[in-house]
Structures are given as C-alpha cells and as structure tokens.
Amino acid sequence: MNDRLVIYFSQTKRTEKIANLIGQACKTSPYPIQVTVPYSSKDLDWDWTLPNSRANQEMENPAARPDLKPLKLELTGKPKIFLGYPLWWSQAPRAINTFLDTYDLSGYKLYLFCTSSSSSIDKSVRELSKTYPQLNIQAAHRFANDTTLAQIETWLKSL
C-alpha cells in the first residue's frame, strides 16, 4: 500500500486521529496541513456566537485562503491520495482550498474523508468538485469520533 499518501487538516485532533488510523492501515505517515497563524479557540468559535471570528469570516468568503506552512510532499508514485478535514459549516475549511490551489492533484485518485459529529460530507464534496473540476474524487466518507482501526480497514478494502 505504499502507493498511498495521507494528508489532513485538523484543529482539534479529531481529523488527525482518523488520518493517523488511515496512515497506520496504509503503512504510511500522514502529512498535516498547517496554517502559518494558528487558530485560537475564539478564532474557531464552535458556538457561532462571534460573527467576526476568523473561521466565520473565512467560511463566509469563498475566496478566503489562509496561508499555509510549506509541506514537503513527494507525490511521485503515490496515485492514491487521502485528503482529510473537519467539516466547518458543512464544508471543507478554507485551508483545504489553499492546499488545493498550491498542489496540483489532477491525475491522482483522491479519497476525501472528514470528521463531523452529525453533518454529511456531501456538501463539501459538491463544493470542492465545483471549485476544482480537475480533481478525480473516487470516494468520500465521514468518520465519527469513535472510529476504530477495524472500521478504517473495512472502508479501505471497499475502495
């Protein structure tokens, strides 16, 4: 399974946990997408009570692109890429857009995964497909916080 690459964006460790399980099952180390200016708890505002919070401002602006720390990716020989993110307002966070604007993933098989306690991944897939029509999205899956390695392995076998 060394033809696989796992990349993820996580702010609360939930998506990181799933990325690590996928990496364990694929026998590869996941790559974290990191913003240059970390989000504070007020920036994230999970209760949506601060309309001017950084996350709210980014998600309300489809053109928002937070700066990312450089990522040393070796894409050659990795035709299957697993890209993970938490759902923010039923969408991929704008850091995912920055990543996709920076790295050309056309020609790769892309498997999206997200973490959310209730929302479906579907809206985020539609939005990413519309914004990046060159992406070859093969599958997408939402994982809950209590996902196990066995569940990840079952999902991987289904692909």
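Are R54 and E58 buried or exposed? In this predicted model, both R54 and E58 are buried, and their side chains meet in a salt bridge with an N to O distance of 3.3 Å. The two residues lie in helix α3, where four residues, about one turn of the helix, separate R54 from E58. R54 has a relative accessible area of 18% and counts as buried because that value falls under the 20% cut-off.

R54 also takes part in a salt bridge with D43, whose closest N and O atoms are 3.7 Å apart. This pair links distant parts of the chain, since D43 belongs to helix α2 (residues 41-44) and R54 to helix α3 (residues 54-60), eleven residues apart.

A search of the whole structure finds six salt bridges, including the three set out here.

| Salt bridge | N to O distance |
|---|---|
| R54 and E58 | 3.3 Å |
| D43 and R54 | 3.7 Å |
| D3 and K80 | 3.9 Å |

The pair of D3 and K80 likewise joins distant parts of the chain, with D3 in the segment before β1 (4-9) and K80 in strand β3 (residues 80-86), 77 residues apart. D3 is partly exposed, at 23% relative accessibility, and K80 is also partly exposed, with a relative accessible area of 22%. Beyond this pairing, a network of salt bridges links D3, R4 and K80.

Notes
Residues are numbered from 1 along each chain as its sequence is written. This is a predicted model: local features need pLDDT of at least 70, side-chain atom pairs count only at pLDDT 80 or more; totals for chains, interfaces and linings use all residues. Side-chain values use heavy atoms; hydrogens and water are left out. A salt bridge is a side-chain nitrogen of Lys or Arg within 4 Å of a carboxyl oxygen of Asp or Glu. Buried means under 20% relative accessible area, exposed over 50%, partly exposed in between (1.4 Å probe, protein chains only).
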